[in-house]
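Trainee: I would like a close look at one part of this model, the C-terminal helix and whatever packs around it. Please take it in one connected account, and add the loops afterwards.

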Amino acid sequence: MKSHLAREVAAVAAGLLLAVAIYSPAGAKTSALPQPAGCPSPAVPGLGTRTPVLLVHGFNEGPFVWNEGTPSMLDAIGAIPNVKAVAFNYYAERTSWVTDPLIGACLATWITDLATASMNAGGPGKVIIVAHSMGGLAVRCAVEP
């Protein structure tokens, strides 16, 4: 059964035909891909014990897509207690395939780092991932061995 928090995030995402997954480093592995040079840190000020919700945009889009609409996806998720929305940005590589090191491998680093930061702060150590279109394939590339 999904947690209450996961149900709320899934309800926000459902109308947008998005993939929603929960990743926890315990018992799971991110891809064995090495962290690429040029992969920025997913440092999230104010994460604390809140659960990170990682938004991954689709092909030929950018993180700006999460700011569209009223309310925007970022606003809707931000209204859920105890979560922190974070947008993964692969805009510069948006027309590349998910195996591009700055997409799949970098996303794997972000997922692991966010889960670790959550765990180290006393949070759940899990990341809720919301992905659109090719973003879902990028997530699969990042979390499958």
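Mentor: What follows goes from the whole chain to the last helix, then to the core and the loops.

The model is predicted, which applies to every value below. The protein chain has four helices and four strands, and their order from the N terminus is α-β-β-α-β-α-β-α. The last of these elements is α4, residues 134–143. Of the 145 residues in the chain, 42% are buried. Contacts across the sequence are mostly long in range: among those between residues at least 6 apart, 80% join residues at least 24 apart. The accessible surface of the chain is about 7,300 Å², and carbon and sulfur atoms account for 58% of that area.

Now the helix itself. α4 is mostly covered, with seven of its 10 residues buried. These are Met 134, Gly 135, Gly 136, Ala 138, Val 139, Cys 141 and Ala 142. The elements that cover them include β2, α3 and β4.

Of these, α3 can be described in some detail. Two packed helices are described by the angle between their axes and the distance between the axes. Here the axes of α3 and α4 come within 8 Å and cross at roughly 70°. An angle of 65 to 115 degrees counts as roughly perpendicular, so α3 is roughly perpendicular to α4. On the α3 side the contact is made by Gly 104, Leu 107, Ala 108 and Ile 111. An α-helix has 3.6 residues a turn, so residues three or four places apart point the same way. On the α4 side the contact is made by Ala 138, Val 139, Cys 141, Ala 142 and Val 143. Of these contact residues, Ala 138, Val 139, Cys 141 and Ala 142 are also among the buried residues of α4.

The end of the chain also holds a charged pair. Side chains of opposite charge can pair when their charged atoms come close. Arg 140 forms a salt bridge with Glu 144, with 3.3 Å between the closest N and O atoms. Glu 144 is partly exposed, at a relative accessible area of 39%. A search of the whole structure finds one salt bridge.

The helix pair also belongs to a wider nonpolar packing. The largest nonpolar core has 25 residues, and the members that touch the most others are Leu 54, Val 56, Phe 88, Leu 107 and Trp 110. At least two residues each come from β2 (51–56), β3 (83–88), α3 (104–120), β4 (127–131) and α4 (134–143). The largest share is that of α3, with seven residues. Leu 107 thus appears both in this core and in the contact between α3 and α4.

Leu 54 shows how the elements meet. Leaving aside residues up to four places away in sequence, Leu 54 touches Val 86 and Phe 88, then Leu 107, Trp 110, Ile 111 and Leu 114, and finally Val 127, Ile 128, Ile 129 and Val 130. Another core lies apart from the largest one; this core has nine residues, among them Leu 55, Trp 66, Val 83 and Ile 128.

The loops come last. Ser 133, in the loop between β4 and α4, has a phi near 55°, a positive value in a residue other than glycine. Asn 82, in the loop between α2 and β3, likewise has a positive phi, near 65°. Asn 82 counts as exposed, at 57% relative accessibility. Most residues other than glycine have a negative phi, and most peptide bonds are trans.

The loop between β2 and α2 contains Pro 71, and the peptide bond from Thr 70 to Pro 71 is cis, with omega near -5°. Ser 72 is in the loop between β2 and α2 as well. At 4% relative accessibility Ser 72 counts as buried, and beyond residues up to four places away in sequence it touches Trp 66 and Asn 67. Trp 66 is one of the residues of the nine-residue core.

Pro 101 lies in the loop between β3 and α3 and is partly exposed, with a relative accessible area of 45%. Its C-alpha atom is separated by 9.3 Å from that of Gly 38, although the two are 63 residues apart along the chain.

Definitions and conventions:
Residues are numbered from 1 along each chain as its sequence is written. Side-chain values use heavy atoms; hydrogens and water are left out. Buried means under 20% relative accessible area, exposed over 50%, partly exposed in between (1.4 Å probe, protein chains only). Contact means heavy atoms within 4.5 Å. Accessible areas come from the Shrake-Rupley method with a 1.4 Å probe; for residues, only the protein chains shown count as cover. A nonpolar core is a set of buried Ala, Val, Leu, Ile, Met, Phe, Trp, Tyr and Cys residues joined through side-chain atoms within 4.5 Å. A salt bridge is a side-chain nitrogen of Lys or Arg within 4 Å of a carboxyl oxygen of Asp or Glu. Axes are lines fitted to C-alpha atoms, for helices over the stretch in contact, and angles run from 0 to 180 degrees between N-to-C directions. Angles under 35 degrees count as roughly parallel, over 145 as roughly antiparallel, 65 to 115 as roughly perpendicular and the rest as oblique.
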